[in-house]
Amino acid sequence: MQGVVNDVALSAMVQAGAAGAFDAVLHSGDFAYDLEDDGGENGNTFMNMIQPIASTYSYTVAPGN
């Protein structure tokens, strides 16, 4: 649930991405916690939140921990 309720940088990233500020996005660290909670709705919500960036730019994930 952390990625959904603690999205302190996401709105700024979405705005910057809409302005063409990125060439690519490197998402470092963990974001796969609790995705199956609430019958998968937590995961759906998180993925929908990052969709404006992940569907527009090369979006690469690096493992955390």
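The bend at a residue is taken here as the angle between two fitted axes, one through the seven residues ending there and one through the seven starting there. That definition comes into play for helix α3, but first some groundwork. The model is a predicted one, so local features need pLDDT of at least 70 and side-chain atom pairs count only at pLDDT 80 or more, while totals for chains, interfaces and linings use all residues. Residues are numbered from 1 along each chain as its sequence is written, and side-chain values use heavy atoms, with hydrogens and water left out.

On the overall layout, the protein chain has three helices and two strands, where helices (H or I, at least four residues) and strands (E, at least two) are DSSP runs numbered from the N terminus. Along the sequence they come in the order α-α-β-α-β. The radius of gyration, taken over C-alpha atoms, is 12 Å, close to the 11 Å from the globule rule (2.2 Å times the number of residues to the power 0.38) for 65 residues, so the chain is as compact as a globular protein of that length. Its C-alpha atoms fit in a box of roughly 35 × 25 × 20 Å along the principal axes. Contact means heavy atoms within 4.5 Å; among contacts between residues at least 6 apart in sequence, 75% join residues at least 24 apart.

As for burial, the cut-offs are under 20% relative accessible area for buried and over 50% for exposed, with partly exposed in between (1.4 Å probe, protein chains only). By that count, 22% of the 65 residues are buried. The largest nonpolar core has eight residues: L10, V25, F31, F46, M49, I50, I53 and Y57. Such a core is a set of buried Ala, Val, Leu, Ile, Met, Phe, Trp, Tyr and Cys residues joined through side-chain atoms within 4.5 Å. Helix α3 (residues 41-54) gives the largest share of this core, four residues.

Back to α3, then. With 14 residues at 1.5 Å each, the helix should span 20 Å (the rule is 1.5 Å times one less than the number of residues), and its end C-alpha atoms are 19 Å apart, which agrees. Even so, there is a kink of about 30 degrees at N48, shortly before the proline P52. Buried positions in this helix are N42, G43, F46, M49, I50 and I53. Beyond its neighbours within four places in sequence, L10 is in contact with M49, I50 and I53.

The strands bring in further partners. V25 sits in strand β1 (residues 24-28) and is buried, at 8% relative accessibility. Outside four places in sequence, V25 is in contact with M13, I53, Y57, S58, Y59 and T60. Y59, in strand β2 (residues 58-62), is partly exposed at 22% relative accessibility. Its contacts, again leaving aside neighbours within four places, are V25, H27, I50, I53 and A54. The C-alpha atoms of Y59 and A24 are 6.2 Å apart, although 35 residues separate the two along the chain.

One backbone angle deserves a mention. Most residues other than glycine have a negative phi. D38 goes the other way, with phi near 55 degrees. This residue is in the loop between β1 and α3 and is exposed, with a relative accessible area of 65%.
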